[in-house]
Amino acid sequence: MRAALVYNPGAGRGSAREGAVRRMIQALGARGVTATALATAGPGDASHLARAAALEGVEVVVACGGDCTVNEVLQGVVGTSACLGVWPAGTANLLALELGVPRRLDDIADVLAAGDVRRVSVGRAGTRYFIVMAGIGLDAAVVRRVSPAVKRLLGEGAYWLAALRQLAAWPPPRFLVEADGRTEPATLAVVANAAAYGGGLRFTPRARMDDALLDVCLLDSTDRLRLVRCVVAAFRGAHLGLPGVTYLQARSVRAHGAREAWVQVDGELAGRLPMNFECIPAAVSVLSPRCSPAPRGFAARR
């Protein structure tokens, strides 16, 4: 089996990342996997490198980094026969959390070498794919406010700090979301392909990666206290019955009505409204330690 490790040599402490990549190549080699390291040089490189590796016949393209790196690699893997592997080395690591990927290097190597394949859906926001979720309005505005320097220093705390700053820039824009034959107003929307969300929040606790639907959680409020109550309740998934909260499932979604409202996908800014969202069933294969006993192996994904 051949694998390509796509990573950013400038992320974190560069020398530490390079050393970890060398150790992973050795660990995979000991497990019968021939791995090649592909270092990015700038924005968008991960997508191009992943696509080129997949078209050359590499069976597994591994995204080494956080959810933004995973999202870039995803763009290159969708539509090919290559599997997406995850080496969590970022801030939130939401896809790794959803799949149950471990954090120790040797344990990750075991997952990558085992070849346990799970076919999952992906979402598409405009022309960009996402595998965990898209956020609209207040959610995306927080992502936009996060400082890379503060993120390196505080990790997930950088998002909470950005959220506090966003609260000071009240009120958020209100927009409209069309889904499942309904049109609902919102100031925050999460359009999810998976249940995981940053900071331990569970805005879409019913979302599943192996169904053909997007789960949509809408919050319509310009009241700061109501927003805080909703966020606190979302840690337990208890927000769904609160006033101003709407939960929908749909194959396609359209958001419009406020051009100043931003959209983020898997933690990466994707533009502003209006934007269409859709679920693409069984669009990509991922390596996961939690897949069922059947199917197993790389032949099962074709």
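In what order do the six strands of the open sheet run, and is their pairing parallel or antiparallel? The order is 12-11-10-7-14-15, and the pairing is antiparallel. Bear in mind that this is a predicted model.

Let's stay with that sheet. Its edges are strand 12, residues 245-250, and strand 15, residues 268-272. Each of those two pairs on one side only. How far are neighbouring strands turned against each other? On average by 20°, with direction ignored.

Now look inside the sheet. Strand 10 covers residues 188-192, and strand 11 covers residues 214-219. Five bridges join them, in the antiparallel sense. If you want one pair to find on screen, take Leu188: its bridge partner in strand 11 is Leu219.

A helix packs on this sheet too. That is helix 6, residues 138-145. Helix 6 touches strand 7 (133-137), strand 10, strand 14 (262-265) and strand 15. Its direction makes about 95° with that of strand 7.

Next, helix 2. This one spans residues 45-55. Which of its residues are buried? They are Ala46, Ser47, Ala50, Ala53 and Ala54. Look down the helix axis: these buried residues fall within an arc of 135°, so they line one face of helix 2. On the other side, His48 and Leu55 are exposed.

What does the buried set pack against? Three strands and a helix: strand 1 (2-7), strand 2 (34-39), strand 3 (60-65) and helix 3 (67-77). Just after helix 2 comes Gly57, with a positive phi of about 100°.

On to the aromatics. The structure holds one aromatic pair. Its members are Tyr197 and Phe203, and the geometry is edge-to-face. The ring centres are 4.9 Å apart, and the planes stand at 90°. Buried or exposed? Both Tyr197 and Phe203 are buried.

Last, the whole chain. The secondary structure comes to nine helices and 16 strands. There are 302 residues, and 51% of them are buried. The chain exposes about 12,800 Å², with carbon and sulfur atoms supplying 51% of that area.

One more number, on contacts. Take those between residues at least 6 apart in sequence: 72% of them join residues at least 24 apart.

To recap, then. We saw an open antiparallel sheet of six strands, with helix 6 packed on it. We saw helix 2, with its buried residues lining one face. And we saw one aromatic pair, with both of its residues, Tyr197 and Phe203, buried.

Notes:
Residues numbered from 1 in each chain as written. Predicted model: local features only at pLDDT ≥ 70, side-chain atom pairs only at ≥ 80, totals over all residues. Heavy atoms only, no water. Buried < 20%, exposed > 50% of the residue type's maximum accessible area, 1.4 Å probe, protein only. Helix = DSSP H or I, 4+ residues; strand = E, 2+ residues; numbered from the N terminus. Arc of directions from axis to C-beta. Contact = heavy atoms within 4.5 Å. Pairing = 2+ DSSP bridges. Axes fitted to C-alpha atoms, helices over the stretch in contact; angles between N-to-C directions. Areas by Shrake-Rupley, 256 points an atom, 1.4 Å probe, with all protein chains shown as cover. Phe/Tyr/Trp six-rings, centres within 6.5 Å; stacked < 30°, edge-to-face > 60°.
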